[in-house]
Amino acid sequence: MSLDKINSIIKRRGFIWKSCEQYGGLSGFYDYGHLGTLMKRKFEDIWRNFFLGLNPNFFEISPSLIMKEEVFKASGHLDHFTDPIVKCSKCDFVERADQILEKQLKEKFEGMSKEEMTELIKKHEIKCPKCGGALTDVSELELMFPVDVGAYDKIRAYLRPETAQGSYLNFSQEFNALRKKLPLGLAVIGKAFRNEISPRQGVYRTREFTQAELQIFFDPEKVEEHSNWDDIKDYKLRLLPASSRDKLTELSCEETIEKFDLPKFYVYYMAQIQRFYLEVLNYPREKIRFFELNQEERAFYNKLHWDFEVRLEALEGFGELCGIHYRTDYDLKAHEKLSGEKQEVFFEEKKFIPHVVELAFGIDRNVYALLELFYTEREDKSILALPLKVAPFDCAVLPLVKKEGLPEKANEIYQELRKQFTCFYDNTGSIGRRYARQDEIGTPLCITIDFDTLKDNTVTVRNRDSTEQVRVKINELKVKIEEFLNEA
Ligand code: GAP
């Protein structure tokens, strides 16, 4: 399915659309409608449950979105967080230089210097993809949005480009407040902002997006171990290592650490990420992989970096949904150096600066991927066969007809169900049309109130995927729905 088709479906149904549309839209910014908001919130909830559930010493925090310039001076973002760009000297079209090269030469060029890219553009006589005009030399564009805070003595600050920095700034405070134990996990779910040059892939690449990032602080001397290693040591990972990009390998975690010389502490979380996608979200196994970035491609703060990717038709290839980064003590050390505030901990009879493994997810990309992957058609009708836990509505309540006491009974049931479930009430149109409307937005169960309901206090429950219908007693409805949703 094309990107245009999926974007038009998710707009029409009430999931996501361009922000400020009345004024022509603002590229790279999107609004979530009622369905998109419900789905995004559910994704965030299952992410929270799964990843914070991995260790009782993992917690969520909420740092501010605007941070002082010094934070990004220390973190390296001010100096290194740029994208290489080229401009057409004829039509002013601007594009990322590595993406222009990638499209023309069918290779990846991320991480190459601007001089090398300029050279390649000249060597291959690459022209503007819009008008064929000559391209300028490659220059660098700062990706952070600056903000001037205050009325007179303005203070330079930035909208955060990643949620991670908030966890580093709060690490010391939290370590002390949380009984001084390692590993300590600090998660942030919140907005990040980047002035992306060409945000042209719907919510896959935007200028304002939500991240869910977990920073795991640990003792670097224990990087070769993990207390739950035995749980995942035989678990098979799907890997595309930097050394052989043309061949996907499936290796157990034990084999992975040996073959690629990766630390156990890191591989344990790779396994958990893959489990999250396969077991919680039911992703098709053949569409997922871990992609390793080599030294040139990795962000400046990473010692190890594998992205978790999924094949997306609309992107005509694989898309990155999250990254697992070994950031070492890069950030804590940098903040200690600039702020003068010690980041050392005293733990198990020694002093050291903890290392960090970061799990970095983009929520919008994940919502988008779910909408694309689980879209299907049945007898020409579209179905969003979403994993049950991320479907916007758990159930819909539908009175068969709008008369003879059925709406009143249906409303009574609806008011009860909505205390516990996300629930939609619909009494307009034929029952077939109403089932189809719920299938289109992914509602797993439809509950129909008919004339028998008034006689025997039972309702019909219809399953989105099998279309099977069963009679259920009203007083057992909540338990049955709960069981059904939890089985997935
Ligand atoms: N703290 C590390 C970090 O920010 P990243 O790879 O730049 O790493 C993490 O971003 C995740 O955030 C990505 O895997 C992606 O899912 C999401 N992301 C990054 N840039 C994005 C953008 N412009 N639009 C939407 N999501 C984005």
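**Helix α5 and the ligand shell**

In the predicted model, Ala97, Asp98, Gln99, Ile100 and Leu101 of helix α5 (residues 97-105) are buried, meaning under 20% relative accessible area with a 1.4 Å probe and protein chains only. Helices here are DSSP runs of H or I with at least four residues, strands are runs of E with at least two, and both are numbered from the N terminus. The cover over these buried α5 residues includes β5 (82-87), β6 (94-96) and α6 (114-123), with contact taken as heavy atoms within 4.5 Å. Just past α5, Lys106 adopts a positive phi of about 55°.

Turning to the ligand, 21 residues surround it, each with a heavy atom within 4 Å. The closest are Glu162, Thr206, Glu213, Glu320 and Glu358. By type, the shell splits into 8 nonpolar, 4 polar and 9 charged residues, where Asp, Glu, Lys and Arg count as charged, Ala, Val, Leu, Ile, Met, Phe, Trp, Tyr, Cys and Pro as nonpolar, and the others, Gly among them, as polar. Strands β11 (208-218), β16 (317-328) and β19 (355-362) each put at least two residues into the shell, and β16 gives the largest share, 5 residues.

A ligand nitrogen sits 2.7 Å from a side-chain N or O atom of Glu358, and a ligand nitrogen is 2.9 Å from one in Glu196. For the side chain of Arg365, the corresponding distance from a ligand nitrogen to an N or O atom is 3.5 Å. Taken alone, the ligand exposes 550 Å², and the protein buries 94% of that (Shrake-Rupley method, 1.4 Å probe).

Residues are numbered from 1 along each chain as its sequence is written. Local features need pLDDT of at least 70 and side-chain atom pairs pLDDT 80 or more, while totals for chains, interfaces and linings use all residues, and side-chain values use heavy atoms, without hydrogens or water.

Note on methods
Buried < 20%, exposed > 50% of the residue type's maximum accessible area, 1.4 Å probe, protein only. Polar contact = N/O pair within 3.5 Å; in protein donor to acceptor, adjacent residues only side chain to side chain.
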